[in-house]
Amino acid sequence: MVLAQLGGSIARALQQMSNATIIDEKVLSDCLNEISRALLQADVQFKMVREMQLNIKRIVSFDELAAGHNKRRIIQKAIFDELCNMLDPGKPSYTPKKGKTSVVMFVGLQGSGKTTTCTKYAYYHQKKGWKPALVCADTFRAGAFDQLKQNATKAKIPFYGSYMESDPVKIAVEGVERFKKENCDLLIIDTSGRHKQEAALFEEMRQVSEATKPDLVIFVMDSSIGQAAFDQAQAFKQNVPVGAVIVTKMDGHAKGGGALSAVAATKSPIIFIGTGEHMDEFEVFDVKPFVSRLLGMGDWSGFMEKIHEVVPTDQQPELLQKLSEGTFTLRIMYEQFQNILNMGSLGQVFSMIPGFNAEFMPKGREKESQARIKRFMTMMDSMTNEELDSSNPKLFNESRIMRIARGSGRSVGEVIEMLEEYKRLAKLWSKMKGLKIPKKGEMSALSRNMNAQHMSKVLPPQMLKQIGGMGGLQNLMKQMGGSKDLSSMFGGGDR
Ligand SMILES: Nc1nc2c(ncn2[C@@H]2O[C@H](COP(=O)(O)OP(=O)(O)OP(=O)(O)O)[C@@H](O)[C@H]2O)c(=O)[nH]1
């Protein structure tokens, strides 16, 4: 994701600023110019970049800042807030309620990923206990109904559409009526796309919208459309009451900056992002955790949510307990590997830990990573209980390593590689020691319970330096009026 590069460039600009002995207007200007260049390169609209620069300069007024103020911290927070503002239109979108019928209509250009996203959206809610249903009102593209039908069948989601009927309005109305009768609570209408914004497309969308009276219209946008995003999103907004945006293909090489423009053009929040072609490659979008991750600050609330999602419920209390004790045995690693293989990528989970990125299971190399995990597990199958339950890597002397290698048919080098991976993960795990683990639905409590000590352990060293070391971090926590603001700054906050 090229947005990650944007995050890297911004983090570097902040780092350069931190390295300066004295922070004056010139240093701030250089830092802002660097950030602006990065945003423009990521296809963010010039007007928005300019506004951001002006806002930060207004907040960080050197004349008004009394001596003794930590300018680095103030600038850093201003930049963080401005990036959040660019992605936050200030009002939440309509949120469907489980058990109460909502009609959600999807719009977007052809190929934006609308049909795929409709199913992902339905599947996401179905997993959370909703009763979604899909209606294919795309009569323009031959094959659209088949695609939706295929996706829906795979996910066991009821669907409605027609090979004969050519009037999308009629299909949409019939579908909505049918699923209302069947007590579905989330009725999702997929509409036609066109290659470009055309009068005919907008007319059709308007008619479907008027006939079905959707509670929410979601604009689906391909993250690669770049500077064109603003005009495209605005054109849709002028024709139908767009209330939310979903940005797709965030896993590709797109610059992603267009997403920020879409928010500005529609004055609607991004609610999800698509991160792959598969049904579950779909993430809730939250501004603050997203910006935190973008700047390499990690996303604790997302991390906890993923644990709740990926790890089987009966194993969660035990795992969280062990997590808070900081004990990480080979057996825990084995169980977690099992979870990864059963349920998807824990790489996603680890990418949310500050200072740790998705290298664990890089996108596009999942097969390779899975094979590696399976290899590790085979070697662990040749371990004794004592070895599996130990958290002392020194236990593994030469003869034990040789025995494990022989027993699993792998080389000594591979056993050592596995033990190195264990040590790396154990080190990461140890940083969690003493954290109070929240229950499901209390994600923000984790951030609230985090004290400066914990934060200092998990923040990347350069980030800690920017903040002004341990003392700076403590001050920052105090200055920000306690934990609530801090938790949001570092990606917590209520969802
Ligand atoms: N890599 C990646 N591919 C995606 C994502 N979302 C959708 N796609 C792919 O994008 C292509 C187009 O997706 P569709 O869902 O057919 O697009 P559409 O907007 O419904 O197209 P029309 O029905 O013709 O308007 C398909 O190959 C999808 O698999 C995503 O988040 N990441």
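A residue counts as buried here if 20 or more other C-beta atoms lie within 10 Å of its own, and as exposed if 12 or fewer do. Keep that in mind as we walk through this predicted model, starting with helix 6.

By that yardstick, the buried residues of helix 6 are Ala144, Phe145, Leu148, Asn151 and Ala152. Look down the axis of helix 6 and these buried residues fall within an arc of 135 degrees, so they line one face of the helix. Turn to the face pointing away from that buried side and you meet the exposed residues Asp146, Thr153 and Lys154. What do the buried residues of helix 6 pack against? Their partners are helix 5 (114–127), strand 2, strand 3 and strand 4. Just past the end of helix 6, Lys156 takes a positive phi of about 55 degrees.

Now for the sheet itself. It's an open sheet of 8 strands, with mixed pairing and the order 3-2-4-1-5-6-7-8. The edges belong to strand 3 (159–160) and strand 8 (282–284), each of which pairs on one side only. Strands in a sheet pair through backbone hydrogen bonds, either parallel or antiparallel. At the strand 3 edge, strand 2 (residues 132–137) pairs with strand 3 in the parallel sense, over 2 bridges. Leu134 has Phe159 in strand 3 as its bridge partner.

Two helices cover this part of the sheet. Helix 6 (residues 144–154) lies across strand 2, strand 3 and strand 4 (186–191), running at about 170 degrees to strand 2. Helix 7 (residues 168–181) packs on the sheet too, touching strand 1 (102–107), strand 2, strand 3 and strand 4. The direction of helix 7 makes about 165 degrees with that of strand 2.

Follow the sheet inwards to strand 1, where Val104 lies. Is Val104 buried or exposed? With 23 other C-beta atoms within 10 Å, Val104 is buried, because the cut-off for a buried residue is 20 or more. Leaving aside residues up to four places away in sequence, Val104 touches Pro96, Leu186, Leu187, Ile188, Pro214, Asp215, Leu216 and Ile218. Take Leu186 from that list: 82 residues separate it from Val104 along the chain, yet their C-alpha atoms are 7.2 Å apart. On the strand 5 side, Val104 stands opposite Leu216, and strand 1 and strand 5 pair in the parallel sense over 4 bridges.

Strand 5 (residues 216–222) is mostly covered, with 7 of its 7 residues buried. In a regular strand the side chains alternate between the two faces of the sheet. In strand 5 both faces are covered: Leu216, Ile218, Val220 and Asp222 are buried on one side, and Val217, Phe219 and Met221 are buried on the other.

Next door, strand 5 runs parallel to strand 6 (residues 242–248), and 6 bridges join the two. Val217 stands opposite Val242 in strand 6. Between these strands comes helix 9 (residues 229–239), and together strand 5, helix 9 and strand 6 make a right-handed β-α-β unit.

That leaves the ligand. How many residues surround the ligand? There are 21, and the closest are Gly113, Lys114, Thr115, Gly193 and Gly274. Helix 5 gives the most to this shell, with 3 residues. Helix 6, where we began, also turns up here: helix 5 and helix 6 each supply at least two residues of the shell.

Definitions and conventions: Residues are numbered from 1 along each chain as its sequence is written. This is a predicted model: local features need pLDDT of at least 70, side-chain atom pairs count only at pLDDT 80 or more; totals for chains, interfaces and linings use all residues. Two strands pair if DSSP finds at least two bridges between them. Two residues are in contact if their C-beta atoms, placed from the backbone, lie within 7 Å. Axes are lines fitted to C-alpha atoms, for helices over the stretch in contact, and angles run from 0 to 180 degrees between N-to-C directions. The arc is that of the directions from the helix axis to the C-beta atoms. A crossover is right-handed if, with the strands pointing away from the viewer, the path from the first strand over the helix to the second runs clockwise. A residue is near a molecule or strand if its C-beta atom, placed from the backbone, lies within 6 Å of it.
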